[in-house]
Amino acid sequence: MAVSEPVAPQTPASPSSPPPNGMPSIDIDKITSEDSFGGMASSFVQQAITGNPYFAAGGGLMLLGTGLAVARSGITRLSGFLYRQLLVDLEIPSKDKSYMWFLEWMSKYKQRSSRHLSVETSFVQHDNGAVSTKFSLVPGPGNHLIRYKGAFMFIKRERSGKMLDMTSGTPFETVTLTTLYRDRNLFADLLSEAKSMALKAQEGKTVIYTSWGPEWRPFGQPKRKRTIGSVILDKGIKNMILDDVKDFLKSGQWYFDRGIPYRRGYLLFGPPGSGKTSFIQALAGDLDYNICILNLSEANLTDDRLNHLMNHIPERSLLLLEDIDAAFNKRDQTDDSGYKSGVTFSGLLNALDGVASSEETITFMTTNHPEKLDPAILRPGRVDFRVLIGDATEYQMREMFLRFYVGEEAKADEFVKKATSLGVPISTAQLQGLFVYNKNDPDGALTLVETLKTPNHVF
Ligand SMILES: Nc1ncnc2c1ncn2[C@@H]1O[C@H](COP(=O)(O)OP(=O)(O)OP(=O)(O)O)[C@@H](O)[C@H]1O
Ligand SMILES: [Mg+2]
């Protein structure tokens, strides 16, 4: 007879006792004792939730996540509400004039924290070939914080990734200034400060504009005005031109009453280095005008663009068309090499006639070869005033000598005698070269007078 250990009667495992394999147990008896299926299911779910640690943890996480999401949307809404109630924005798009003013202002402003800077380089090539560059560090794209008159301002410079300004090929940008609602008046103060700072930088200076796509853009930094006294033309010529321009500027009503387009064209012709460009710059300075320079031989200049540019000249600006003969000659000469200027001769004539604008239009044209010009361009209305700016006359030689060597009358006379006896045409640019080389030495200039024989002598 086999002795067997008494086997304990199978008792249902109490809920507290751990299951043999560590798995949560299910109270089968309890389930079977319930007579409805629903009761069984709910008990099963309850068991699973309370008894299954994975499930319980998942549920907890879900609740936590939902709670956080609700809280987050609440905070977002609240901050949106507060933002609308307490803060104000000012948006300055890059198309706006005050955009550059603001960036310049900010680059000079001390109380700011910016870690993103971008560089704006101005590059100017002077008459004498020297190049001067100036870097200004302006706030770059990103966020910046400044303190202005006690108020904090948050500044965001953004670049639109997709949109391009078709006129300049640069991406559209905006600067957004944000500050407290109560400090909103400071925006106006800030902008007017930026504006007066920008205008002050131009005071006593001549802004040179060049064409940039269909619009005019300032070229480099404004140049210091050239005094009219520093350009020495033959006796009476300077005043003749000056009087004519000033008289024209006073006669707006007269033109208007007679229905004549309010414009006047000047042609300065003569050999290289006689002071044509210098005189126009000095004249602009004297009149407090800026200069718009247009290069007609520019390859991508078309009739349409030319017309648009000539009808949208910035206020108080002279239009300067340099070497007016070159554009058309070049086109003829280099047709076979593939070069073709976009401007046609009739396009230029039409643009010169232009649309009658209420503002005055003063056009200066220069050329070294007036004989190459088509008579159509010389007709009144296009060119109303023509003047030869020639090689140095005795009068100019003397005046220039005395400008460099003040009070040296006797030496001036001697210089004129020696220079004229060379028997060659001498340009005023050559004289300037000689005098600059002998800065404070009139005798040096006298002994080196022979060098004027070669037009492009290098000292
Ligand atoms: N009449 C002048 N009085 C003073 N400076 C002059 C005169 N003519 C020329 N110069 C000097 O010579 C240089 C060249 O002058 P500018 O560029 O005005 O000549 P331009 O007549 O325009 O020559 P181009 O026909 O080659 O364009 C300048 O630096 C200028 O200061
Ligand atoms: Mg010139």
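Which residues have the most contacts inside the largest nonpolar core? In this predicted model, they are Cys292, Leu318, Leu319, Leu320 and Phe364, and the core as a whole has 39 residues. Helix 8 supplies the largest share of this core, with five residues.

Cys292 shows how such a core residue is surrounded. Setting aside neighbours within four places in sequence, Cys292 is in contact with Leu318, Leu319 and Leu320, and also with Tyr209, Trp216, Ile313, Pro314 and Ser317.

Helix 8, which spans 276-287, also appears at the ligand. The shell around ligand 1 has 15 residues, and those that come nearest are Pro272, Gly275, Thr277, Ser278 and Thr428. Two elements give two or more residues to this shell: helix 8 and helix 14 (428-437). By type, the shell divides into eight polar, five nonpolar and two charged residues. Ligand 1 lies between domain 2 (223-388) and domain 3 (394-453), because both domains give residues to the shell around it.

Another part of the chain can be followed from Val175, a residue of strand 7, which covers residues 170-180. Is Val175 buried or exposed? Val175 has 22 other C-beta atoms within 10 Å, and a residue counts as buried at 20 or more, so Val175 is buried. Leaving out residues up to four places away in sequence, Val175 touches Ile92, Tyr99, Phe102, Ile155 and Arg157. Val175 also shows how distance along the chain and distance in space can be compared: Glu91 is 84 residues from Val175 in sequence, while their C-alpha atoms are 5.8 Å apart.

Methods:
Residues numbered from 1 in each chain as written. Chains lettered and ligands numbered in written order. Predicted model: local features only at pLDDT ≥ 70, side-chain atom pairs only at ≥ 80, totals over all residues. Near = placed C-beta within 6 Å. Helix = DSSP H or I, 4+ residues; strand = E, 2+ residues; numbered from the N terminus. Nonpolar A, V, L, I, M, F, W, Y, C, P; charged D, E, K, R; others polar. Domains from an automatic or database assignment. Core = buried A, V, L, I, M, F, W, Y, C linked by C-beta atoms within 7 Å. Buried ≥ 20, exposed ≤ 12 C-beta atoms within 10 Å, placed from the backbone. Contact = placed C-beta atoms within 7 Å.
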